[in-house]
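The following exercises ask the reader to work through strand pairing, burial and salt bridges by inspection. Please keep the sequence and the coordinates at hand.

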Amino acid sequence: LKLQFLYFIGGKKRTMFNRRQQKGKVKKITCQQVAHKGDLLGESPVWCQKRQMLFWVDILGKKLHSLNPDTNHTTTADTGRHHVGSIAMVDKREGLAVAATQEGVGYLSLKDGSFSKVVDPEQHKPSNRFNDGKADPLGRFIVGSMYTNKPKKMGTANLFCFNGTPDIQLVTAVGNVTTSNGLGWNADGSLFYYIDSPTMTVKQYERDPKTGLLSNGQDVIIIPKDLGGAPDGLAVDSEGTLWIALFRGGKVTRWDPFTGELLAIVDVPCLHVTSVCFGGKNLDRLYITTAKGSSAEEIEANHNKSAGAVFVCHPGVTGLPMHEFAWNQHKANL
C-alpha cells in the first residue's frame with residue numbers, strides 16, 4: 001500500500017508517496033550482468049519504448065551499442081573519430097538520435113554510427129567536451145559540457161539547450177559548471193534535477209512546464225564522502241525519488257530529494273559505475289552502465305573482468321518514460 005501525501009514548494013501543491021520504509025533502513029539490491037562489450041567508458045543508457053531496446057555509448061571506445069533484452073542480441077556501431085557523450089531518441093525519425101560529442105551537438109545514425117554536426121558552442125574551449133544530455137519534457141536536448149584536462153579547472157563548462165538549429169542557448173539558471181552529469185525531471189515536469197559531479201550534490205530547480213524556465217535552485221542531496229565515489233548519471237522514478245550512479249563508488253544509490261535520505265543501494269561488481277535508466281515493457285528494470293576508467297592510466301590498471309559491462313536490477317519501483325527529442329520545434333528562450 002502506498003499512501004499519498006501533499007507538500008508545497010514554491011507555492012505549488014505537489015504529491016509524493018509514503019513508501020512505508022523504516023526511516024534510516026537502507027534497502028540492499030543486487031544486480032546481474034546483461035551485456036559486456038568491453039566498454040572503456042560506457043555511458044548514456046537510453047531505453048527506446050518503440051523498439052523495446054536499450055541503447056548506450058562507449059565514449060572513449062567511440063562505439064554505439066544496443067541490446068534487445070528479449071533475445072539478448074547486441075549490436076555495435078563505430079562512431080568514427082567522435083567521442084559521443086550522450087544521446088536521445090528523435091521522434092518521427094526512426095533510426096536517428098540527437099547526440100553530443102567533443103566536436104559539438106548534432107545527429108547520430110543508430111544504424112552505422114555516423115555523426116552530422118549542427119553546432120559547437122564551445123569550439124573556443126578545446127579542453128571541453130560535451131557529456132551527459134537528455135531530451136526534456138518539451139522535446140529539446142538539454143546537454144552539458146565538462147573540462148577534460150588535468151588539473152581540473154572549476155567552473156569552465158556550461159549547460160545548453162539545443163532545439164535543432166545552430167542557435168543553441170545557454171541554460172542561464174545553471175552556471176559555474178565543471179563536470180556536467182546527471183539530469184532528470186519529475187513526472188509533471190515541474191522540477192529539474194542536476195548534477196555537477198565535483199560539487200558532490202544534486203540541485204533541484206523549479207521549472208515552468210510550459211516554457212522550461214528554471215528558478216530557485218537549491219541543493220537537495222549531499223553525497224557523503226564515506227559512500228565512496230562521485231555522483232554521475234541519474235534517473236527519476238514514478239515515486240519522485242532519484243537513482244544516482246556513483247563513479248568510483250561501485251554502486252547505484254536511491255535518494256529521497258525531499259528529505260535528503262538515502263533509501264537504497266545497488267551494489268555493482270565494478271568500481272566505475274556511470275549511469276542508469278529505467279527500461280523494460282513496464283519500466284520496472286533499472287539498467288546500469290559501467291566503465292574501465294576515465295583515463296588511459298585507470299583503464300590500463302583496471303583488471304576487473306566486470307568493468308565496462310551493463311547490469312540490470314529489479315528496483316521494486318517503476319521509472320518514467322524517457323522523453324524524445326522533437327524533430328519539429330520552435331526556439332526556446334532560456
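The exercises below concern a predicted model, and each task is followed by a worked solution.

**Exercise 1. Strand β10 and its partners**

Task: Determine how strand β10 (residues 96-101) is paired, and establish whether it is enclosed or open.

Solution.
Step 1. Begin with strand β9 (residues 86-89), which is antiparallel to β10 and joined to it by four bridges. Within this pairing, Ala88 lies opposite Val98 of β10.
Step 2. Examine the connection. β9 and β10 make a hairpin with six residues between them, and Lys92 in that turn has a positive phi of about 65 degrees.
Step 3. Turn to strand β11 (residues 104-109), which is also antiparallel to β10 and is joined to it by six bridges. Here Ala97 is opposite Leu108 of β11, and the hairpin from β10 to β11 passes through two residues.
Step 4. Consider burial. Five of the six residues of β10 are buried, so the strand is largely enclosed by the rest of the structure.

**Exercise 2. Strand β15**

Task: Identify the directions in which the residues of strand β15 (residues 159-162) point, and find the bridge partners of this strand.

Solution.
Step 1. Sort the side chains. Leu159 and Cys161 point one way, Phe160 and Phe162 point the other way, and all are buried.
Step 2. Locate strand β14 (residues 141-147), which runs antiparallel to β15 with four bridges between them. Val143 has Phe160 of β15 as its bridge partner.
Step 3. Locate strand β16 (residues 169-170), whose antiparallel pairing with β15 comprises two bridges. Cys161 has Gln169 of β16 as its bridge partner.
Step 4. Inspect the turn. β15 and β16 form a hairpin with six residues between them, in which Gly164 has a positive phi of about 100 degrees.

**Exercise 3. A loop residue**

Task: Decide whether Thr178 is buried or exposed, and list some of its contacts.

Solution.
Step 1. Place the residue: Thr178 belongs to the loop between β16 and β17 (180-185).
Step 2. Apply the cut-off for burial, which is under 20% relative accessible area. Thr178 has 1% relative accessibility and therefore counts as buried.
Step 3. Leave aside neighbours within four places in sequence; the contacts of Thr178 then include Ser145, Met146, Tyr147, Asp196 and Pro198.

**Exercise 4. Salt bridges**

Task: Characterise three of the salt bridges by distance, position and accessibility.

Solution.
Step 1. Note the total: a search of the whole structure yields 13 salt bridges.
Step 2. Take Asp78 and Lys63, whose closest N and O atoms are 3.5 Å apart. This pair links distant parts of the chain, with Asp78 in strand β8 (residues 73-78) and Lys63 in strand β7 (residues 63-68), 15 residues apart. Asp78 is partly exposed at 43% relative accessibility, and Lys63 is partly exposed at 27%.
Step 3. Take Arg254 and Glu239, with closest N and O atoms 2.9 Å apart. Arg254 is in strand β23 (residues 251-256), and Glu239 is in the loop between β21 (230-236) and β22 (242-247). Both Arg254 and Glu239 are buried.
Step 4. Take Arg248 and Glu298, with closest N and O atoms 2.6 Å apart. Arg248 is in the loop between β22 and β23, whereas Glu298 is in helix α1 (residues 296-301), 50 residues apart. Arg248 counts as partly exposed at 39% relative accessibility.
Step 5. Finally, look for shared partners: salt bridges join Asp136, Arg140 and Arg207 into one network.

Methods: Residues numbered from 1 in each chain as written. Predicted model: local features only at pLDDT ≥ 70, side-chain atom pairs only at ≥ 80, totals over all residues. Heavy atoms only, no water. Buried < 20%, exposed > 50% of the residue type's maximum accessible area, 1.4 Å probe, protein only. Pairing = 2+ DSSP bridges. Contact = heavy atoms within 4.5 Å. Salt bridge = Lys/Arg side-chain N within 4 Å of Asp/Glu carboxyl O.
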